[in-house]
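Please find below some short remarks for consideration alongside the coordinates. They address one residue, one sheet and one helix in turn.

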Amino acid sequence: MVSVRPTDSIVLARTLMLRYNYSQLAVIDDDGTFQGAISWESIAKAQMAHQAVPTVDQAKQTVPDAAYDELVLPRIDEISSRGFIFIRSRDGKTIAGIVTAADLTNRFGEIARPFTMIEECERRLRRRVKRIAADIIEAATNKRHKDAGSLTLGAYVHVFKDEKHFLLLDWPLDHAQFVQQVKDVADIRNKMMHFSPDPIPSEWGAIDGLLAMLHAVDPLP
């Protein structure tokens with residue numbers, strides 16, 4: 001983790017923040033003790049209060065920290081308002097990292113993106129599957145679904161499993177490949193809905209693939 005000492009110069013702190021595109025740095029003394037942080041804001045305030053601010057110690061500010069295994073949700077408001085929070089190592093003796101408001105925004109984007117993409121897949125599928133008669137859908141899903149509007153991604157797999165039903169869509173796609181892609185995305189969606197603790201960016205390829213197929217055969221917004 002990039003940090004500065006209380007005795008380091010403001011010039012060094014500014015240079016490091018510019019080099020790494022950071023808005024703040026941890027201030028850690030020679031003994032490894034966390035002394036706070038220095039930021040563009042704290043530098044500006046120190047310079048307004050003093051004509052000369054030669055060292056980090058004169059511009060550092062007291063900032064919050066959190067335990068390594070502490071829950072993020074209760075601290076979201078604090079991170080958003082302050083802009084960042086430092087995270088202590090597992091043993092609590094050192095600073096291991098930082099969580100910023102930008103990190104929260106990026107993480108939300110990671111979580112929201114697959115949900116948004118899957119929702120679009122379902123919308124495009126539903127629009128086309130309305131061509132298939134309700135009695136066919138009901139029979140293919142063992143009466144669990146009565147029409148296109150009630151189908152889930154997993155249910156689409158049952159409807160399309162019979163190639164003659166797939167052909168009713170009038171899409172120039174390979175039947176087996178398409179059904180497998182829908183099944184893969186349905187499995188991902190089920191994992192997401194069951195609060196899988198691991199992020200799934202490695203599986204986004206399956207969602208991208210299905211969405212690319214649907215964009216090709218259903219180009220309308």
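**Notes on the predicted model**

1. The model under discussion is predicted. A suitable starting point is a side-chain pair: Arg 75 and Glu 78 are joined by a polar contact between their side chains, at 2.6 Å.

2. As to its setting, Arg 75 belongs to the loop that runs between strand S4 (65-66) and helix H3 (76-82). The relative accessibility of Arg 75 is 15%, and the residue therefore counts as buried, the cut-off being under 20%.

3. Which residues does Arg 75 touch, not counting those up to four places away in sequence? With that exclusion, the contacts of Arg 75 are Pro 64, Asp 65, Ala 66, Glu 70 and Ile 85.

4. The strand preceding this loop, S4, takes part in an open sheet of three strands, ordered S4-S5-S6 and mixed in its pairing. S4 and strand S6 (95-100) form the edges, each pairing on one side only.

5. Within this sheet, the pairing of S4 with strand S5 (residues 84-88) is parallel and comprises two bridges. Ala 66 has Ile 87 of S5 standing opposite; Ala 66 is also among the residues touched by Arg 75.

6. A separate point concerns helix H6 (residues 153-160). Of its eight residues, six are buried, so helix H6 is largely enclosed by the rest of the structure. The buried residues of H6 are Leu 153, Ala 155, Tyr 156, Val 157, Val 159 and Phe 160.

Key: Residues are numbered from 1 along each chain as its sequence is written. This is a predicted model: local features need pLDDT of at least 70, side-chain atom pairs count only at pLDDT 80 or more; totals for chains, interfaces and linings use all residues. Side-chain values use heavy atoms; hydrogens and water are left out. Helices (H or I, at least four residues) and strands (E, at least two) are DSSP runs, numbered from the N terminus. Buried means under 20% relative accessible area, exposed over 50%, partly exposed in between (1.4 Å probe, protein chains only). A polar contact is a pair of N or O atoms within 3.5 Å; within protein, one must be able to donate a hydrogen and the other to accept it, and residues adjacent in sequence count only if both atoms are side-chain atoms. Contact means heavy atoms within 4.5 Å. Two strands pair if DSSP finds at least two bridges between them.
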